[in-house]
Amino acid sequence: MSWKYQWQKRAQPHSQQVAQLAKQAGINELVATLLLQRGIKTSAQVQSFLHPQLQNLYDPYLLHDMDKAVERLTQALFSNEKILIYGDYDADGMTSAAILKLALANLGGQATVFIPDRFQDGYGPNLERYQQFVQEGYQLIVTVDNGITGLKEIEYAQAHQVDVIVTDHHNLPSRLPPAVALVHPRFTQSSYPCPDLSGAGVAFKLASALLEEPPVELVDLAAIGTIADMVKLTDENRILVTWGLKQMQQHLRIGLKKLCAQAHVQATTLTEDDISFQIAPRLNSLGRLDQASKGVELLTTTDTAQAQKLSQEIEGLNQKRKTLTQEVYQAALKQSQKQIQSQNKILVLAGNNWHQGILGIVAGKIVEQTRHPTVVLSIQADGRAVGSARSPDNFNLYQVLAALRSLYQNFGGHAQACGLTLAAKDISQWQQQLNALPQVQEFNFEQKLTRYYDLELTPSTINLILWQQLQQLAPFGQGNNLPIIKVVDFDTYTAQYLGSKNQLHLKLRLKQQQQFLEVVAFNWGAQLAQVQKFDLQAVYGSLLKNNWRQQSHLQLNLEDVDFKAIIVHQNQHQLIDLRAHRSLENQIQQAENLVFFQEQHLQTVQKQYSQAHCLLATQVASNLTQMSLIDRPTSLKDFEQFIVNNKQLTRLELIFHTRYPLYYQLNLSAATWHQSLKYFYNHQNLTVSDLPVVAQYLGLTPLEIKFILKVFSELKFVKIENGLLMHPNKIPQRQLEESPTYCQINDLVAVQNQLIDSKTGEVINYIKKILQ
C-alpha cells in the first residue's frame, strides 16, 4: 500500500504500434512507448517533438490585436514618446518586462520599467499608480504578464489621453478593458494555435512582431518565464524552452551567469530543473521580500560589477526567504496539528506579522504534510488578516472560500490557490462557518488521489543509458512530465536525514545485489520513522542527473513509497501489520470485520460507511476468525484482554488509526511536572486566559498545559473559580498516580510505545507473550 497516492500503471500502447513507430522514426522502443503515451503517433510528429525548431514558431500576427499593438508602438518609437512597461513581481513578469525593454532598445527606443510592490500595490493593475503615470507625462503604457483585468485603471488612462497596450495570458474577464490593443493567446476570435503561452511568451511574440523575426538573443528570457510560470511545455512553449536552454548553455547573459554561480549551478549543463528549483525561486524572492525591479535590472545589465552586486543581494534574500519560511512553517504546523485534533477539515493558521511574501509557500507545505486545505494568515497591526490559501488537487478551495465572500476585503484566485484579506476579529467565526459548509463536511480528505507511473524497473536496470534515452523527451514540465518510475525488487535499503542542518529531507539508498540507487525525498523528514520502521516494497519517483559542484550522479526524486503489508505467521495466527498505511478509507472498504476499542470511533465510521460490519472489542463473537483493529485502545490492559478473549483468530490486521495522535504522546518528565507546579505556586492572580503565555514560558504545548492543569485540579493542587487559578496555602501530600487523568496519560503513552512506535517484530513478540 502506498503512503500518498493510489498508483496505477499508465495504459501501455500495443507492442506492434510501438515497434512500428520505433522503426519509422529511428528511435528505440522505450522512447516510442513514452511518445505514444503523449499522443505522438507519426514519424513527423516525433521529429517535431524531439527536434523543435525556431522556424516552427507561429506567426505573431495570429495573436489578437498584434497588428494594433505593433502600429501603436511603432508610432511611439518614431515620435519619441514617453513609454512605460508595467510588469509583475514574479519571474514570469520580470522576464516579460526584460524582453520588451531589450526589444525596444534594439529599435533605438527607450522605456521605463515599473514592477509593482507586492505589499503596497497588490497584484495586477493599480489605479493610484496609473494616476501617477498620467501625472508624470507617460504617453503609452504597455502591460506585460498582467493588465487584462485592469478595467477601471485603463479607462482612467485612456480618458486622460494615455494609451494602453495590454499583453497578458491570464483568464479573460467577462468585461474587457478599453485598451488600444489586447494581445492575448486565449481570445476565441483569434484561435491562436498555442493558447498556453506564458506572459514572457506573449512578450516574446510582441518582440518578434516588432523586430520582424524571432529575437534569438531574447529566447533565454522567454524560456525562464515559461518554465517559472509552469505553463504546458508543449507546442510553441517547447520550442522556446528548448532553444532558450541551448542559448543559456552556450552563452549566458552576465546577470544569469552571476546568479548561477551563487546557486552553484553549472551553466554549461543548465536544465529546466535548474531554472525551476534554483533560478526562478531566487528571482521570485525579490518579489516576496524586496523590489522585483532588481530582477529586471539583473536580466538586462551588461555591467559585470552591477550583476555581481545584484546576484549577491538576491542570494541573501533567497536565504532569508528560506529562513522565514521555515520559521513560519514550524509555527503553522503546530497550529495545524491542534486543529486536526479538533476535527477541522479546513485549516486556518494565523500569526502576528508573519511575512506576507512566504504565506503561500507555507500553506503549500502544510497541505503537502496534512492533505488538508489550508489558509495561512498574517495578522497586521491595523486589524487586517492578509493570507494565502492552498488545497489538494481534488478540492476546489476557491468555490468554498467564495461562499463567504461578504467577509473579505479582498479575494481572488483559482481552485487550488487563493489570496484574501479579512478582519482579524472575524477569523474564529469564519473558520467555524467554513468547516460547517456542506461541501466541506461531505468531502473525504483522506481519500488518495490517483496517479500514474510509466515504468517499473529494478535498481540494476537504472543507469546512464536509460537516463539518456529519457532525456530525448526533455525539456520536461506541465503537459510533458518526467516519466515516473516504480522501483521494485531491491534487497535492502537505508534511510536517513539529508544533511545536518535540518530534518526536512531524507536520503534513501536502495541496494540490489551490488547495485545501488540513491533516492532523495524532499520534505519527507517527518516520515523518517515510518520509512525506517516499516519495510518498503517499492518507491516511485523521477530520474534525475544531479550536477553538484562539477560532480554528477543519477538519483531518484521521490514521489511516494509502497509499504509492505507485513504478514507474520505465529502458529495458527496470521498477523498483518498495516500501521504504516495512511488511507483509512481503503482499509475500511477492504476489511471484513471492523473492531473498535472506543465506541465514539465506531459510531463515526458506522455513520460514514453504513455497510461496514463494526464491532466493539468487548462484544466480538467467539465464532469470528478474521478481524481488523481499526482504532487504538486506551490502555495495554484493554488490548491484552482482547487478545486473550480471541485466541480463535486466524487473521488479525493491526491498523490502530486515531485522529488524536498527540494524546498518546503526552510523555511528560518528572522535572516538567515539578517545574509546572512551582510556577503555579509562585505566580498569583493567574487566569485561564493566561495559560497560553504560561505554556510558552514553560516550553509546553496547549494540550500539555491543559492536561497538567487537569491533573493538578484533581489532586487539589489548584482549583479554578470564575476563571481564576487558585491554590491552597499548603500543597497536599499526594502522588501524581492518585490522579485518574495522570494514569490515563500514562496508559496512552504505554500504548504509543508498545503498539505504535514499535517495530513489527516487537509487536509480534508482545502478542506472542500474551498468547502463551
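Buried means under 20% relative accessible area, and exposed means over 50%. The model worked on here is predicted.

**Exercise 1. Helix H7**

Task: Find which residues of H7 are buried, and say how they are arranged around the helix axis.

Solution.
- Step 1. H7 covers residues 151-159. Its buried residues are Leu151, Glu153, Ile154 and Ala157.
- Step 2. Look down the axis of H7. The buried residues fall within an arc of 165°, so they line one face of the helix.
- Step 3. Turn to the face away from the buried side. Lys152 and Ala159 are exposed there.
- Step 4. Look for the cover. Helix H6 (127-135) and strand E5 (163-167) are among the elements that cover the buried residues of H7.
- Step 5. Move past the end of the helix. Gln161 follows H7 and has a positive phi, near 60°.

**Exercise 2. Helix H3**

Task: Identify the buried residues of H3 and the helices they pack against.

Solution.
- Step 1. In H3, residues 43-50, the buried residues include Val46, Phe49 and Leu50.
- Step 2. Viewed down the H3 axis, the buried residues lie within an arc of 85°, so one face of the helix is lined by them.
- Step 3. Three helices pack against these buried residues: H1 (15-25), H2 (29-37) and H10 (235-250).

**Exercise 3. H1 against H2**

Task: Classify the packing of H1 and H2, then describe the residues in the contact.

Solution.
- Step 1. Take the geometry. The two helices pack at an angle of about 110°, and their axes are 8 Å apart.
- Step 2. Apply the cut-off. Angles of 65 to 115 degrees count as roughly perpendicular. H1 and H2 are therefore roughly perpendicular to each other.
- Step 3. Give the handedness. H1 passes H2 in a right-handed crossing.
- Step 4. List the partners. H1 brings Gln17, Val18, Ala19, Leu21 and Ala22. H2 meets them with Glu29, Ala32, Thr33 and Leu36.
- Step 5. Sort the residues of this contact between H1 and H2. Six are nonpolar, two are polar and one is charged.

**Exercise 4. H24 against H25**

Task: Repeat the analysis for H24 and H25, from the packing angle to the contact residues.

Solution.
- Step 1. H24 spans residues 670-682 and H25 spans residues 691-698. They pack at an angle of about 135°, with axes 11 Å apart.
- Step 2. An angle over 145 would count as roughly antiparallel, and one of 65 to 115 as roughly perpendicular. The angle here fits neither class; H24 and H25 are therefore oblique to each other.
- Step 3. The crossing of H24 past H25 is right-handed.
- Step 4. H24 makes the contact through Gln675, Ser676, Tyr679 and Phe680. H25 makes it through Leu691, Val694, Tyr697 and Leu698.
- Step 5. Six residues of the contact of H24 with H25 are nonpolar and two are polar. None is charged.

**Exercise 5. Two buried residues**

Task: Place Leu240 and Val561 in the fold, and relate each to a residue elsewhere in the chain.

Solution.
- Step 1. Leu240 sits in helix H10. Its relative accessible area is 0%, so Leu240 is buried.
- Step 2. Set aside neighbours within four places in sequence. Leu240 then contacts Leu57, Gly201, Phe204, Val219, Ala222, Ala223 and Thr226.
- Step 3. Compare Leu240 with Val70. They are 170 residues apart in sequence and 21 Å apart in space, C-alpha to C-alpha.
- Step 4. Val561 belongs to strand E19, residues 551-563. With a relative accessible area of 1%, Val561 is buried.
- Step 5. Val561 and Lys4 are 557 residues apart along the chain. Their C-alpha atoms are separated by 7.8 Å.

**Exercise 6. Backbone exceptions**

Task: Locate Asp65, Asn722 and Pro475, and state what is unusual in the backbone at each.

Solution.
- Step 1. Start from the rule. Most residues other than glycine have a negative phi, and most peptide bonds are trans.
- Step 2. Asp65 is not a glycine, yet its phi is positive, about 65°. Asp65 lies in the loop between H3 and helix H4 (66-78). Asp65 is buried, at 13% relative accessible area.
- Step 3. Asn722 also has a positive phi, about 55°, and is not a glycine. Asn722 lies in the loop between strands E26 (719-721) and E27 (724-726). Asn722 is exposed, at 83% relative accessible area.
- Step 4. Ala474 and Pro475 are joined by a cis peptide bond, with omega about 5°. Pro475 lies in the loop between helix H19 (464-471) and strand E14 (484-487).

Conventions
Residues numbered from 1 in each chain as written. Predicted model: local features only at pLDDT ≥ 70, side-chain atom pairs only at ≥ 80, totals over all residues. Heavy atoms only, no water. Buried < 20%, exposed > 50% of the residue type's maximum accessible area, 1.4 Å probe, protein only. Helix = DSSP H or I, 4+ residues; strand = E, 2+ residues; numbered from the N terminus. Arc of directions from axis to C-beta. Contact = heavy atoms within 4.5 Å. Axes fitted to C-alpha atoms, helices over the stretch in contact; angles between N-to-C directions. Parallel < 35°, antiparallel > 145°, perpendicular 65-115°, else oblique. Left-handed = near helix turned anticlockwise from the far one by under 90°. Nonpolar A, V, L, I, M, F, W, Y, C, P; charged D, E, K, R; others polar.
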